[in-house]
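Reader: I'd like a close look at one part of this protein rather than a tour of the whole thing. Could you walk me through it in one go?

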Amino acid sequence: MIETVHPRVIVKVPASTANLGPGFDTLGMALSLYAWIEMSASEKTEITLYGSGMSGIPTDKSNLIYKVAQQVFQEVGVSIPELRIGMYSDIPLTRGLGSSASAIVGALAAANHLTGSKLSQDRLLQIATKLEGHPDNVGASLMGGIIVSAWDGERAEAIRLEPHPDLEVLVAIPDFQLSTDKARHALPESYTKQDAVYNVGRSSLLVAALASGELGMIRHAMKDRLHQPYRASLIPGMEQILAEATEYGALGAALSGAGPTMLALVDRRSRRKQELEQFLLTSLQHQHSGAEARWLVPCLEGPVITVPDSSEDDITLMEWIKGDITAC
Ligand code: HSE
């Protein structure tokens, strides 16, 4: 057994949006919305979830963070069967903002740091992708910025792009949940050649636009025929947003991941932000549901790790992060 290196770590990990329209399961972007995970070895496993919206998440050894940490320990040959874990998240669950990817990446980063950072970023990407089933969200949460990735079921390859400094992100988060499973089941098993070529073109153009800073090209590139048309019936108002958001000042709009959150890329110098926000919220307003708007920016880095020193042992996770969180 190897000694653990640090007694307690706190990891701040960003949310993410996946697909960006045409890049189904391949493109992602880290966002300035965060979850925090603390982890330390303990006499007895104790998992505390702070904040609202966490009901239903297990607090025993079936907890995802616990299981991911054990996978890291096994891989590096360390035995830490009992863990103290705390988590607080500002990332709404099952809304298409990568909450589970953030939990996986946060758990990997915490467990890896606890055991002396033996696993490389590439190794963490491979583990995270296998757990998630696609690299878009986990890649973004792990590397920050914009991620362009590919996965063949065995290995994930990924390149990080630096987001343009003028890119701002408006998300409109509906007040209902949509499971990724349900949103993936809505997709067909196969596509026509025309639709495949359409998406290769748009996705390639989008990567080139984001890499070169040609933000004006985003409106032509952020179009998709692989998943959005099939998911539209699950999100009332989505079709209208995709069709008209650029008329209200967006650079482009997409379903965020598997939804139901809608996302618009915006030039931060735009004078039409209020108008756009209103359009998104009104479009998503239906009989029994509404939406909440959040203005975010691309997050430039992956997990940020803090190691409190022993004199700070009594400081709880919530005390530690209170200046940083957006909701209570
Ligand atoms: N690329 C995934 C999807 C993201 O669209 O289903 C959600 O996990």
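Let's take the largest pocket: how do the residues of its lining divide into nonpolar, polar and charged?

Author: Happy to, with the reminder that this is a predicted model. The lining of the largest pocket splits into 14 nonpolar, 14 polar and seven charged residues. That makes a lining of 35 residues, and the ones nearest the centre are Ser99, Ser100, Ala101, Glu132 and Thr180. The pocket they surround has a volume of about 670 Å³.

Now for who supplies the walls. Four helices, α1 (64-76), α2 (99-114), α4 (135-143) and α5 (180-185), each put at least two residues into the lining. The top contributor is α2, which gives four. Look at the domains and you'll find that domain 1 (9-162 + 299-320) and domain 2 (167-296) each provide at least three of the lining residues.

One of those helices, α4, is worth a stop. It is mostly covered, with nine of its nine residues buried. Run along it and you pass Pro135, Asp136, Asn137, Val138, Gly139, Ala140, Ser141, Leu142 and Met143, buried every one. What do they pack against? The partners are two helices, α2 and α3 (121-132), together with the strands β1 (8-18), β2 (27-41), β5 (146-151) and β6 (156-161). So α2 turns up twice here: it packs with the buried residues of α4, and it gives the most to the pocket lining. Just past the end of α4, Gly144 has a positive phi of about 70°.

Since both domains have a share in the pocket lining, here is how they sit together. Their centres, taken over C-alpha atoms, are 25 Å apart. On the domain 1 side 24 residues take part in the contact, and on the domain 2 side 36 do. Together the two bury about 2,300 Å², and carbon and sulfur atoms account for 65% of that. Within the area that domain 1 buries against domain 2, Pro22, Phe24 and Arg95 supply 29%, more than any other three residues.

There is also a second largest pocket, holding about 390 Å³ of space. Of the 20 residues lining it, Ser52, Ser89, Asp90, Ile91 and Pro92 are the closest to its centre. Here strands come into the lining: β4 (83-89), β7 (167-174) and β10 (291-296) each give at least two residues. Its lining is made up of nine nonpolar, six polar and five charged residues. Domain 1 and domain 2 both contribute to that lining, so the second largest pocket lies between them.

Methods:
Residues numbered from 1 in each chain as written. Predicted model: local features only at pLDDT ≥ 70, side-chain atom pairs only at ≥ 80, totals over all residues. Heavy atoms only, no water. 1 Å grid on protein atoms, 1.4 Å probe; cavity = no way out; pocket = protein on both sides within 12 Å on 5 of 7 lines; lining within 4 Å. Points joined across faces, edges and corners; volume = space filled by probe spheres on them. Nonpolar A, V, L, I, M, F, W, Y, C, P; charged D, E, K, R; others polar. Domains from an automatic or database assignment. Buried < 20%, exposed > 50% of the residue type's maximum accessible area, 1.4 Å probe, protein only. Contact = heavy atoms within 4.5 Å. Buried area = accessible area lost by both parts, 1.4 Å probe.
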